[in-house]
Amino acid sequence: MATFHCSFLANLTMDLTVIGTDGTLHVTDFIIPYEEKSGPFSVASRSNFAELHTGWVPQPSKHVVTTDLPQEALMVKEFCRLVQGIRDAGAKPEGKWPAITRKTQVVMDAVKTSIDKGFESVDVVS
């Protein structure tokens, strides 16, 4: 089950939180980073309460990914690298992208259907 909350009215909220039965991933600036050259995230795996008043065990681990270029520039650079490899070296497109693209479109179609039905829950069918 997945729940989306998207809003143009929320003040600079560009977070992503994925919660599963065995862990949590939290990215605090998923869309537009606070800083162009770094992106923080935290991961909690198999955490539990030490005691109800003393915190989690183990605590979430915090990570920062750094880069020399903003994410938009890296995306264009990678796209150019892939196209050049196909054009100049006879490389083949990565086989995973058609399936990922299709799954992304299925989710987007489900979001649109939910909006059209007054924000009802909808099943995602692939």
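This tour goes through a predicted model, beginning with its two domains and ending with individual salt bridges.

**The two domains**

Select residues 1–68 and give them one colour, then select 69–119 and give them another; the domain assignment of the protein chain calls these domain 1 and domain 2. The centres of the two domains, taken over C-alpha atoms, are separated by 23 Å, and the contact draws eight residues from domain 1 and six residues from domain 2.

**The surface between them**

Stay with the boundary, where domain 1 and domain 2 bury about 520 Å² between them, with 56% of that area on carbon and sulfur atoms. Which three residues should be selected on the side of domain 1? Show Phe4, Glu36 and Thr67 as sticks, as they supply 57% of the area that domain 1 buries against domain 2, more than any other three residues. The side of domain 1 that touches domain 2 is made up of five nonpolar residues, one polar residue and two charged residues. In a search for polar links across this boundary, the count of salt bridges between domain 1 and domain 2 is zero, while the count of residue pairs in polar contact, with both residues at pLDDT 80 or more, is one.

**The salt bridges**

Now turn to the structure as a whole, which holds five salt bridges; three stops follow.

Select Arg46 and Asp22, whose side chains meet in a salt bridge with an N to O distance of 3.3 Å. This pair links distant parts of the chain, 24 residues apart: Arg46 lies in the loop between β3 (38–45) and β4 (48–51), whereas Asp22 lies in the loop between β1 (16–19) and β2 (23–27). With a surface display switched on, Arg46 is exposed, at a relative accessible area of 61%, and Asp22 counts as partly exposed, at 41% relative accessibility.

Move next to Arg87 and Asp88, which form a salt bridge whose closest N and O atoms are 2.7 Å apart. Is Arg87 buried or exposed? Arg87 has a relative accessible area of 61%, so this residue is classed as exposed, the cut-off for that class being over 50%.

For the last stop, select Lys96 together with Glu94, a salt bridge in which the closest N and O atoms are 3.5 Å apart. Here Lys96 is partly exposed, with a relative accessible area of 43%, and Glu94 also counts as partly exposed, at 34% relative accessibility.

Technical notes
Residues numbered from 1 in each chain as written. Predicted model: local features only at pLDDT ≥ 70, side-chain atom pairs only at ≥ 80, totals over all residues. Heavy atoms only, no water. Domains from an automatic or database assignment. Contact = heavy atoms within 4.5 Å. Buried area = accessible area lost by both parts, 1.4 Å probe. Salt bridge = Lys/Arg side-chain N within 4 Å of Asp/Glu carboxyl O. Polar contact = N/O pair within 3.5 Å; in protein donor to acceptor, adjacent residues only side chain to side chain. Nonpolar A, V, L, I, M, F, W, Y, C, P; charged D, E, K, R; others polar. Helix = DSSP H or I, 4+ residues; strand = E, 2+ residues; numbered from the N terminus. Buried < 20%, exposed > 50% of the residue type's maximum accessible area, 1.4 Å probe, protein only.
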